[in-house]
Protein chains: 2
Amino acid sequence: MVPKISPMERIYLNMVLLSFRRREDMKRVLVLGGDGYLGWPTALHFRKNGWKVALVDNLIKRHWENEIGVSPLLPLRSLQQRVEIENRSNSDSANQIKLYIGDISKNYRFLISVLEEFRPDTIVHYAEQPSAPYSMVDHLRAVDTQVNNITGTLNLMFALRKVVPNAHVLKLGTMGEYGTPNIAIEEGWIEIEHKGRKERALFPKKPGSFYHLSKVHDSHNLEFGCRIWGLRVTDLNQGVVYGIKTQESNPMDESRTSFHYDAIFGTVLNRFVTQAIAGIPLTVYGKGEQTRGYLNIVDTLNCVFLAAENPASEGEFRVFNQFTETFTVNVLAQKVARIGNILGLETQIREIENPRIEMEAHFYEPTHSNLLELGLSPTFLSDDILKEMFELVQLNSERIDKGNLLPTIKWKNS
Amino acid sequence: MVPKISPMERIYLNMVLLSFRRREDMKRVLVLGGDGYLGWPTALHFRKNGWKVALVDNLIKRHWENEIGVSPLLPLRSLQQRVEIENRSNSDSANQIKLYIGDISKNYRFLISVLEEFRPDTIVHYAEQPSAPYSMVDHLRAVDTQVNNITGTLNLMFALRKVVPNAHVLKLGTMGEYGTPNIAIEEGWIEIEHKGRKERALFPKKPGSFYHLSKVHDSHNLEFGCRIWGLRVTDLNQGVVYGIKTQESNPMDESRTSFHYDAIFGTVLNRFVTQAIAGIPLTVYGKGEQTRGYLNIVDTLNCVFLAAENPASEGEFRVFNQFTETFTVNVLAQKVARIGNILGLETQIREIENPRIEMEAHFYEPTHSNLLELGLSPTFLSDDILKEMFELVQLNSERIDKGNLLPTIKWKNS
């Protein structure tokens, strides 16, 4: 017998039940590499959108930055402080960000214990050495990059198979895995017709650094994990990201993310804007006809969130080419120079010897329809966006270290 | 003024000069993994053919064998003793085999010092964890296999670039890197026609274990090294090797090589012959229609030697598919059973649950013309060869450990 309850009691009970359900039904995302340029705003974006969030980081990138003597344009507090400040400012006390400090590559038991405690539905895996030039510094950095990235991903595969085999992994790859082939680049897989027969195969890779190679190795390992264990993986082959500001991460307050402008950890557009503000020429490597895919950091978050809300199936190794538009380096430099000149900065462009070994003029036609089909509405690079970037860098121009803007790592010499 | 010399003096001087030239002109091969099934006979084969030979090994495979409790059918002396016995039995005191004990994966300085001292023209790189089942034992073995194999090869790339950039690397890969695609398998590279354009790309890989994946990663790293540094590499994607005896390595004396028949380190034909001798059924995994490329160990040596005598060009990443014929596992089992029955062993064949995850019936058409074009004259699997294998295993049948013949490592459980 259900006891008789009054209408008022019913309303109250429903409220309690709904509130309880909301907690229990909240989806859980674990962000590996939560201290990074993308990791931190990704975490804030998921929380804002009703997900329960936990972060993992070993803070090693801060150490690498110290070693080579670079730092983000705006100072960052410790990750522990950032999480604390964020949790304090959040009125919803039941949805606090969890933080785990540890190394997923060197400490498998740590990773297991995090998964056992947090039991994520989705894992966003950014926890890798993210720089091509860093991987080309010398023998040690090349080996460390590959061992760190490959081992972290292998550990993740084994750990989630053991603890949360049904969880969906969003793995950050790079468009640089493909290189610049003379055929259209498909999204991860290609139907090959050869001598009258057909095969659906992984799209052939021709990466341009030991870093890019590490991502190729990860992709092969993950595809195998899907094939034999039924893992669910989305490999996000991302283009070059730019931008500082997202809906939840504001460079003007403590929610800011790291902004690198140096030649090792800074991406090209961020570096160009900084060079313009610093009053030194934008350095184009070689002929500048290298074409790449680009996206605003806002769209990185949109893409990752869309992929998380629409997970890969059991056993599926799904690949998204994650960018919104393509430019040559020259076009990008011209866009930045134009804004610089509008703002009275007399921005110059200078071709310098290419430190990398890559084709400087080539065919480039990468497909990128999967994320659009999931509903991505891209934020294209506009004058307004560029002006906003200029403004933010201008405000912090006294912190620019001009000595870190020119490439010092040469592919031939590594 | 040249002093006047008598005809007798001239003959003597010529002899001295020729002898001196022979030493100086001798080509030098460094065999990495010189204690192994292929490394040891490869070393003897090169020396017999007039090359100066040095071996490197860290002896770790003997440790792995101890850990899982298997051993070769015939006992092997220490590598130090084997080299000493070999050098003593060699009348040519000027052509002694050099031995370096050390780890190319963990000790980069060791590798540098070996290259500086020996200055090889050719490096045969076998120094990797060689077993698919071993890599699937558990998390630790999977990670160790990939880190060991990838790091060793990366170290080699950096070391030779620094010390002997012109040396030719013969790297042992495996046909298992390709998997079993529905199209003909080309030798490493494929011309892809896609949407009206063409590209010469690395043949797409779909490997079947963490071991096979490690070889795929090596191939990508090496191709990059050729592309950016001009390294010379021949990737030998080898089929399944069988046999005990080569021209220079005799199982009946101290020149013998290791012969593994167990389910971890033994290749399938060696295992079948051992099962027949042990009077237990030949264990076919699953349906037995898996087709693979096979070659006699004699042809491994022939292939490697031909490739060494005809090196890759500067910057060339050359791939050879190294096998001489293809069989299904069923055909192989039937061949062995037939000989077993001729010899009165009443050999049975038994299908057991497949411990691996692989297609059990599939299209298979791998190209293998490069080595034939260099002049390889194959040794096909004949009744005589099988009978000789039976005879050698029979002579040592009391040493067979029947407990190690059945697969214990399951791909689903790793």
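1. Let me start with strands E1 and E2 of chain A in this predicted model. Strand E1 (residues 28-32) of chain A pairs with E2(A) in the parallel sense, over 5 bridges. Within that pairing, Leu30(A) is the residue opposite Ala54(A) of E2(A).

2. Strand E2 (residues 52-57) of chain A deserves a second look: 6 of its 6 residues are buried, so the strand is largely enclosed by the rest of the structure. In a regular strand the side chains alternate between the two faces of the sheet. Here both faces of E2(A) are covered, with Lys52(A), Ala54(A) and Val56(A) buried on one side and Val53(A), Leu55(A) and Asp57(A) buried on the other.

3. Turning to the sheet in chain B, you will find 7 strands in an open arrangement, ordered E3-E2-E1-E4-E5-E8-E12, with parallel pairing. At the edges sit strand E3 (98-101) and strand E12 (317-322) of chain B, each of which pairs on one side only. Ignoring direction, neighbouring strands of this sheet are turned by 20° against each other on average.

4. One pairing in that sheet can be followed in detail. Strand E5 (residues 168-174) of chain B runs parallel to strand E8 (residues 232-238) of chain B, and 7 bridges join them. Gly173(B), for instance, has Asn237(B) in E8(B) as its bridge partner. Helix H10 (residues 297-309) of chain B lies across both of these strands, as well as strand E1 (28-32), strand E4 (122-125) and E12 of chain B; its angle to E8(B) is about 165°.

5. Next, a helix pair in chain B. Two packed helices are described by the angle between their axes and the distance between the axes. For helix H9 (residues 268-278) and helix H11 (residues 329-342) of chain B, the axes come within 10 Å and cross at roughly 35°. The crossing of H9(B) with H11(B) is right-handed. On the H9(B) side the contact uses Val268(B), Leu269(B), Phe272(B), Val273(B) and Ala276(B), and on the H11(B) side Val329(B), Leu332(B), Ala333(B), Val336(B) and Gly340(B). By type, the residues of this contact are 9 nonpolar, 1 polar and no charged.

6. Val336(B) links that helix pair to a wider picture. In soluble globular proteins, nonpolar side chains tend to be buried together. The largest nonpolar core here has 224 residues, and Val336(A) and Val336(B) are those with the most contacts inside it. Leaving aside residues up to four places away in sequence, Val336(B) touches Phe272(B), Val273(B), Ala276(B), Leu282(B), Thr347(B) and Leu386(B).

7. Now the interface. Chain B places 35 residues in contact with 35 residues of chain A. On the chain B side, the elements giving two or more residues are helix H7 (139-163), strand E6 (189-194), strand E7 (197-202) and helix H8 (210-229). H7(B) gives the most, with 9 residues. The chain B side divides into 22 nonpolar, 8 polar and 5 charged residues.

8. Finally, two backbone details to check in chain A. Most residues other than glycine have a negative phi, and most peptide bonds are trans. Arg119(A), not a glycine, has a positive phi of about 45°. Arg119(A) sits in the loop between helix H5 (108-118) and strand E4 (122-125) of chain A, and is partly exposed, with 13 other C-beta atoms within 10 Å. Glu346(A), not a glycine either, has a positive phi of about 50°. Its place is the loop between helix H11 (329-342) and strand E14 (349-352) of chain A. Glu346(A) counts as exposed because it has 10 other C-beta atoms within 10 Å, and the cut-off for exposed is 12 or fewer.

Methods. Residues numbered from 1 in each chain as written. Chains lettered and ligands numbered in written order. Predicted model: local features only at pLDDT ≥ 70, side-chain atom pairs only at ≥ 80, totals over all residues. Pairing = 2+ DSSP bridges. Helix = DSSP H or I, 4+ residues; strand = E, 2+ residues; numbered from the N terminus. Axes fitted to C-alpha atoms, helices over the stretch in contact; angles between N-to-C directions. Contact = placed C-beta atoms within 7 Å. Nonpolar A, V, L, I, M, F, W, Y, C, P; charged D, E, K, R; others polar. Left-handed = near helix turned anticlockwise from the far one by under 90°. Core = buried A, V, L, I, M, F, W, Y, C linked by C-beta atoms within 7 Å. Buried ≥ 20, exposed ≤ 12 C-beta atoms within 10 Å, placed from the backbone.
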